[in-house]
Amino acid sequence: MNEQIKAARDIITGYKGRPIRIMEVCGTHTHEIFRLGIRKLLPENIDVISGPGCPVCVTAVGYIDEACWLALEKNCIICTFGDLIKVPGTEMSLAGARAKGAQVRPVYSPLDAVELAKENPDKQVVFLAVGFETTTPSACLAAKQAKEEGLENFSLLTANKTMPNAYNALVGSADAFIYPGHVNAITGNAACKKLCEEKGVSGVVAGFTANELLIALAVAIKLLEKGEPFFKNCYPRVVKDEGNLSAIKLMDEVMEPCDSEWRGLGVIPMSGMKLREEYAGYDSRIKYSMPEIKGRPNPACRCGDVLQGKCKPSDCKVFGKVCTPLHPVGACMVSDEGACSAYYQYSGII
Amino acid sequence: MSSNTVTLAHGAGGKQTSDLIDKVFKAHFSNPEFTADDAAVLPKIDSKLAFTTDGFIVSPWKFNGGNIGKLSICGTVNDLSCMGAKPMYMTCGFVIEEGFDLDDLEQIAAAMEKTAAEAGVKIVAGDTKVAGKGQVDGVFITTTGIGSVQEGADTSGKYARPGDAVIVTGDVGRHGCTILLARDEFGIESDVDSDCAPLWGTVSSIFEVTKDVHVIRDATRGGVGTVLYEIAEQSDVGITLDQTAIPVDDRVKGVCGMLGLEPLYLACEGRLVIFAPAENAEKIVEKLREGKYSKNAAIIGRVTEDNKGKVIMETEIGTQTILPQPKGELLPRIC
């Protein structure tokens, strides 16, 4: 164990102040916190809770229904980040649609979907554009490339989301946030600083190694002890105040803000991104005159409460019984970054 | 159909079948025991015998560091070796898709010859079937092997004991990672190569140090993580790993980081997991590090009385967490 980790550990385990709640907003942080066993270090007066930062988890049920509709009714080849395949829709997941004959391909990058469209000019290809500022630029790049090349068999089903407005919706759920380093690397720190200045919301930006995550947590605890609202960038090697200007420019060129539905949080105004009018031909909903599809989540599933830190996965009565990683009922059990999946996989010992 | 591909006639049992056997298989597998009759008759072996079989359907059939032919020899040789048995004789059955390139088949047979020679095993009988286009994907191979169990060797997944050290003979997950990239589905380029290797030499080098070895298991499909869970269950013990001691190639680390995979669950085809009394562990590792296929051998953990049936990870921040078990299908058809 290196000196930095040791010092951070001492701060965390030695905390004797008032009870505090710290929310990690990012799914990758959720996973790393479990993998590293950080919760086992926490004294009783520190609670670390998971927020809505896993893109798969916050994707609304209706979105999966829309994707299944495109796959089954319009015979589109659906290209998606792999995790989304198992997320339950109202009637079925994309895996279920695949069993009914739909073509569903996992891809690593939206540009792979563009390539697939080029290779299959007689097929229609749809990329499922989900995720935060970290993945949105690559979806924009795909749309831009498709337009430049005049591709007519490629479109995007967008459900991209932006973090800053979600933070607003989460104010009050925790004493401090651990902000996702890779999101801030794109957006910069202005929104977080503004939250601190105007609403007194505290937070630290954290990286993803054991060192970076543990130090950010220790810094948050130290600053919470002082009692003043704070914002601290603990990931300066990657996150600059101004963010990634070329990614921001690209997103602004191709997409614009819109209202967006978050699983569990409902519709948050201007928290989503959709294609601009010049790219309407690449918007699957417009291209296929999609009817309004409203999803109905399984009423037994408490993913919504989990995503807001209102309950722990183990408080949900289907957790670990009918809802497991092999047979997920809710989205949070699907992705490795989902709180329910992490609780399930790392539960049951020491 | 081109004359340079396998046709249904090659599998019909007539002249073309014997031509195929002569030109491809006999040319490469020739040895005194290789039979043209219905069964090979083997000299008497004066020891306990180990006997095993394995099927190989890897896709793609050729990858960086090997091909399905090499894999089909290594798989069976390594299964025998894990039981402390010197591989002696093998048979191989081919199911070949109509239209498969004969030069490719030749390449596969050549790899089998080379690997069998290295492992000191003789291929003594075989079978060839040709399936119609689309009925199989390229070529499927089944190999069966007999080995001579060495005096004093007694290994089994049931024999892990609290206090045993857990050793791996090299970095983990390279074969699985190689196949993943060979499928070209992720647009990631890397020169990572399969660890596929015949390991009788590795096992016999351990026996030069001691035969007091409790478990030897080759970590194939499911990787080292799956093997550890199997042994924890079979021996009714707990296993605690030191995260920082597990050897992982930097390229594999990079790919796993990008794709969110755990290297412990990626397949190996040339790595053994060994459980031995702790007092012999250092000596075993020292010896292994002299070997061609085990230069990065390391002690990665220990067996415990508690946490029965579980694999616990000691993390780099000094906490203990459970090693999560994989969820369903990670990679289809890797071996």
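This passage describes the contact between chains A and B and the arrangement of helices and strands in chain B, as seen in a predicted model.

In the predicted model, the two chains meet through 22 residues of chain A, which are in contact with 17 residues of chain B. On the side of chain A that touches chain B, the elements that give two or more residues are helix 1 (3-13), helix 2 (27-35) and helix 11 (210-226) of chain A. The residues of this side of chain A comprise 13 nonpolar, four polar and five charged.

Within chain B, an open sheet of four strands shows mixed pairing and follows the order 1-6-4-5. Its edges are formed by strand 1 (49-56) and strand 5 (122-131) of chain B, each of which pairs on one side only. On average, and with direction ignored, neighbouring strands of this sheet are turned by 15° against each other. Strand 1 of chain B is joined to strand 6 (residues 139-149) of chain B by eight bridges in the antiparallel sense, and Phe56(B) stands opposite Ile141(B) in strand 6 of chain B. Helix 2 (residues 68-82) of chain B packs on the sheet, where it touches strand 1, strand 4 (85-97) and strand 6 of chain B, and the direction of this helix makes about 30° with that of strand 6 of chain B. Helix 3 of chain B, in turn, lies across strand 4, strand 5 and strand 6 of chain B and runs at about 175° to strand 4 of chain B.

Helix 3 (residues 102-119) of chain B is also approached by helix 1 (residues 15-29) of chain B, the axes coming within 9 Å and crossing at roughly 15°. With an angle under 35 degrees, helix 1 of chain B is therefore roughly parallel to helix 3 of chain B, and the crossing of these helices is right-handed. From helix 1 of chain B, the contact involves Val24(B), Phe25(B), His28(B) and Phe29(B), which meet Leu105(B), Glu106(B), Ala109(B), Ala110(B), Met112(B) and Glu113(B) in helix 3 of chain B. Seven nonpolar, one polar and two charged residues make up this contact.

A further helix pair is formed by helix 5 of chain B and helix 8 (residues 278-288) of chain B, which pack at an angle of about 135° with their axes 9 Å apart. Helix 5 of chain B is thus oblique to helix 8 of chain B, and passes helix 8 of chain B in a right-handed crossing. Helix 5 of chain B contributes Thr202(B), Ser205(B), Ile206(B), Glu208(B) and Val209(B) to the contact, while helix 8 of chain B contributes Asn280(B), Lys283(B), Ile284(B), Lys287(B) and Leu288(B). By class, these residues divide into four nonpolar, three polar and three charged.

Helix 5 (residues 200-209) of chain B also contains Trp200(B), which is buried because 20 other C-beta atoms lie within 10 Å. When residues up to four places away in sequence are not counted, Trp200(B) touches Val77(B), Ser81(B), Lys86(B), Pro87(B), Ala119(B) and Gly120(B).

Elsewhere in chain B, strand 11 (residues 298-304) pairs in the antiparallel sense with strand 7 (residues 164-168) over four bridges, and four bridges likewise join strand 11 of chain B to strand 9 (residues 238-242) of chain B, these strands also running antiparallel. Gly301(B) in strand 11 of chain B is the bridge partner of Val166(B) and also that of Leu241(B).

Terms used
Residues are numbered from 1 along each chain as its sequence is written. Chains are lettered from A and ligands numbered from 1 in the order in which they are written. This is a predicted model: local features need pLDDT of at least 70, side-chain atom pairs count only at pLDDT 80 or more; totals for chains, interfaces and linings use all residues. Two strands pair if DSSP finds at least two bridges between them. Two residues are in contact if their C-beta atoms, placed from the backbone, lie within 7 Å. Ala, Val, Leu, Ile, Met, Phe, Trp, Tyr, Cys and Pro count as nonpolar, Asp, Glu, Lys and Arg as charged, and the others, Gly among them, as polar. A residue is buried if 20 or more other C-beta atoms lie within 10 Å of its own, exposed if 12 or fewer, and partly exposed in between; C-beta atoms are placed from the backbone. Axes are lines fitted to C-alpha atoms, for helices over the stretch in contact, and angles run from 0 to 180 degrees between N-to-C directions. Angles under 35 degrees count as roughly parallel, over 145 as roughly antiparallel, 65 to 115 as roughly perpendicular and the rest as oblique. A crossing is left-handed if the near helix is turned anticlockwise from the far one by less than a right angle, and right-handed if clockwise.
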